[in-house]
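The exercises below are meant to be worked through with the coordinates open beside the text. Try each task before reading the solution that follows it.

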Amino acid sequence: MPFCYFTLKASRMAVRLRKLVQKGFKIRPVTLGQHLRSRRLVLNLTQAQTAERLNTLREHYERWERDEVAPTASFWPRLIGFLGSYPGAVQTPADQVLMARRIMGLSQFAFGRRIQVIAKDVREWEHGVAEPSPAMLAKVQQLVADTPVVGLAAV
């Protein structure tokens, strides 16, 4: 019977990464669901444990992770805290307004009241139909800078 005298060596991190990738881990996640799944796998949590951490139902979390449904505005601060950073790209003024509203966890109406504009303007800014004035964009950026993200220290 032939014997093999070779020893395969791999780092524990490489083996763990391979197992994570097999479970659906994305090195460069694009969607919110991919971000959530990757973070959950890195923390070695079940969907139920993650939902409990986020103070929501498991079924809601599962649908977010599968990108079936977007979370409501009030959940975004907890999601950002769980992920450790904002999961979207912030390249345009529309992205900046959307990120600010999500970090604060406000609806378009409530965000508009906060910065003293109507909800229609906020909606148009987020969809790229119109752009906020430089003064208004600076106001939005200042709001983001002044808003602490819930849960960043807890994770």
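**Exercise 1: the surroundings of W64**

Task: find which residues W64 touches, leaving out residues up to four places away in sequence.

Solution. Taking contact to mean heavy atoms within 4.5 Å, and not counting residues up to four places away in sequence, one finds that W64 touches G33, L36, L54, T56, V69, A70, P71, F75 and L79. The model is a predicted one, in which local features need pLDDT of at least 70 and side-chain atom pairs count only at pLDDT 80 or more, whereas totals for chains, interfaces and linings use all residues. Residues are numbered from 1 along each chain as its sequence is written, and side-chain values use heavy atoms, with hydrogens and water left out.

Next, place W64 in the nonpolar core, that is, a set of buried Ala, Val, Leu, Ile, Met, Phe, Trp, Tyr and Cys residues joined through side-chain atoms within 4.5 Å; buried means under 20% relative accessible area, exposed over 50%, and partly exposed in between, with a 1.4 Å probe and protein chains only. The largest such core has 30 residues, and those with the most contacts inside it are L36, W64, F111 and I115. Two or more residues are given to this core by each of α2, α4, α5, α6, α7 (108–115), α8 (119–126) and α9 (134–146), and the largest share, six residues, comes from α6.

**Exercise 2: the fold and the packing of α2 on α4**

Task: describe the order of the elements along the chain, then characterise the packing of α2 and α4.

Solution. Helices (H or I, at least four residues) and strands (E, at least two) are DSSP runs, numbered from the N terminus. The chain has nine helices and zero strands, and buried residues make up 36% of its 155 residues. Among contacts between residues at least 6 apart in sequence, 53% join residues at least 24 apart.

For the pair, recall that two packed helices are described by the angle between their axes and the distance between the axes. Here axes are lines fitted to C-alpha atoms, for helices over the stretch in contact, and angles run from 0 to 180 degrees between N-to-C directions. α2 and α4 pack at an angle of about 115°, with their axes 7 Å apart. From α2 the contact draws on G33, L36, R37 and R40, and from α4 on Y61, W64 and E65. Sorted by class, this contact has three nonpolar, one polar and three charged residues, where Ala, Val, Leu, Ile, Met, Phe, Trp, Tyr, Cys and Pro count as nonpolar, Asp, Glu, Lys and Arg as charged, and the others, Gly among them, as polar.

**Exercise 3: an enclosed helix**

Task: explain why helix α5 is described as largely enclosed by the rest of the structure.

Solution. Begin by counting: seven of the eight residues of α5 (residues 76–83) are buried, so this helix is largely enclosed by the rest of the structure. The buried ones are W76, P77, L79, I80, G81, F82 and L83. They pack against α2, α3 (47–53), α4 (58–65) and α6. After α5 comes G84, whose phi is positive, near 90°.

**Exercise 4: buried or exposed?**

Task: decide whether W125, H35, H60, N44 and N55 are buried, partly exposed or exposed.

Solution. W125, in helix α8, is buried, with a relative accessible area of 8%. Leaving aside neighbours within four places in sequence, W125 is in contact with A94, V97, I115, V117, A130, E131, P132 and M136. H35, in helix α2, counts as buried at 19% relative accessibility, and, with the same neighbours left aside, is in contact with P29, V30, L83 and P87. H60, in helix α4, is partly exposed, with a relative accessible area of 36%.

The two asparagines call for a further step, on backbone geometry. Most residues other than glycine have a negative phi. N44, in the loop between α2 and α3, has a positive phi of about 60° and counts as exposed at 59% relative accessibility. N55, in the loop between α3 and α4, has a phi near 60°, also positive, and counts as exposed at 60% relative accessibility.
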